[in-house]
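Let's take a walk through this model, from the overall layout down to individual side chains. Keep the structure open alongside as we go.

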Amino acid sequence: MRGRKPSLKTLKAEQPKTAPLAIPRCPAMLKGEARKEWDRMMALLYDLGLVANLDRSTLAQHCKAWARWVEAEANVDAQGTIVKSPNGYPIQNPYLSVSNQAAKQMQSLLSEFGLSPAARHRLLGAPKTDEAPKTTGFEGVLANVG
């Protein structure tokens, strides 16, 4: 197919066929923290009308990344960000890399469901209001700088 990919506005206008709202069966491999996250996400996504049986593997990946992140963060909290190598030299805690990778994976997977501020903005556009945006104290300070 040649040309540009269809925009979200085009897709909305065409009313694409979507999968029916459903709570997928939890994979047996999800245990402990991953299972808790599955239950939490199912309630949230179902209430928002954002989950279907087709989403099972993506959600399972998110739950495993969540459990990995929780475990890695607990180790970083207990040991600190800098630990001693076997030779006695200070090095970055290996769990910090695990935590960072799991966080990146979760961020990517959550945006698939529109569950980040940026993803919601991309999917839905800027919120429409009748009034001008209110200036907070900090924004007021910035407006008067320069």
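The protein has six helices and two strands, where helices (H or I, at least four residues) and strands (E, at least two) are DSSP runs, numbered from the N terminus. Read from the N terminus, the order is α-α-α-β-β-α-α-α. Before going further, note that this is a predicted model, in which local features need pLDDT of at least 70 and side-chain atom pairs count only at pLDDT 80 or more, while totals for chains, interfaces and linings use all residues. Residues are numbered from 1 along each chain as its sequence is written, and side-chain values use heavy atoms, with hydrogens and water left out.

Of the 146 residues in the protein, 25% are buried; buried means under 20% relative accessible area, exposed means over 50%, and partly exposed is what falls in between (1.4 Å probe, protein chains only). As for contacts (heavy atoms within 4.5 Å), take those between residues at least 6 apart in sequence: 59% of them join residues at least 24 apart.

A good place to settle in is helix H3, residues 56-79. Does its length fit its residue count or clash with it? The expected span of a helix is 1.5 Å times one less than its number of residues, so the 24 residues of H3 should span 34 Å, and the end C-alpha atoms, 35 Å apart, agree with that. The buried residues of H3 are Leu-59, Ala-60, His-62, Cys-63, Ala-65, Ala-67, Ala-72, Asn-75 and Val-76. Among the elements covering them are H2 and helix H4 (94-112). Right after H3 comes Gly-80, with a positive phi near 90°.

Now look at the polar side chains inside. Glu-37 sits in helix H2 (residues 32-48) and counts as buried because its relative accessibility is 2%. His-62, over in helix H3, is buried too, at 3% relative accessible area. What joins the side chains of Glu-37 and His-62? They share a polar contact of 2.7 Å. The term stands for a pair of N or O atoms within 3.5 Å; within protein, one must be able to donate a hydrogen and the other to accept it, and residues adjacent in sequence count only if both atoms are side-chain atoms. Setting aside neighbours within four places in sequence, Glu-37 is in contact with His-62, Cys-63 and Trp-66. With residues up to four places away again left out, His-62 touches Glu-37, Met-41, Met-106, Leu-109 and Leu-110.

Cys-63 brings up the matter of disulfides, each a pair of cysteine sulfur atoms within 2.5 Å. The count here is zero. Why is Cys-26 unpaired? Its sulfur is 7.1 Å from the closest cysteine sulfur, that of Cys-63, so the two are too far apart for a bond. Both cysteines are buried, Cys-26 at 14% relative accessible area and Cys-63 at 0%.

Next, the greasy part. A nonpolar core is a set of buried Ala, Val, Leu, Ile, Met, Phe, Trp, Tyr and Cys residues joined through side-chain atoms within 4.5 Å. The largest one has 14 residues, and Leu-30, Trp-38, Leu-45 and Leu-59 have the most contacts inside it. H2 and H3 are the elements that give two or more residues to this core, with H2 giving the most, five. Leu-45 is in contact with Leu-50, Val-51, Leu-59, Phe-113 and Leu-115, leaving aside neighbours within four places in sequence.

How many aromatic pairs does a search of the whole structure find? It finds one. Trp-66 and Trp-69 form that pair, tilted, at 5.4 Å centre to centre with 40° between the planes. For reference, rings of Phe, Tyr and Trp (its six-membered ring) pair if their centres lie within 6.5 Å; planes under 30 degrees apart count as stacked, over 60 as edge-to-face and the rest as tilted. Both tryptophans lie in helix H3, three residues apart, about one turn of the helix. An α-helix has 3.6 residues a turn, so residues three or four places apart point the same way. Trp-66 is partly exposed at 23% relative accessibility, and so is Trp-69 at 27%.

Finally, Gln-79 in helix H3 is partly exposed, with a relative accessible area of 41%. Its side chain makes a polar contact of 3.3 Å with the side chain of Asn-93. Gln-79 and Asn-93 are 14 residues apart in sequence, with their C-alpha atoms 7.7 Å apart in space.
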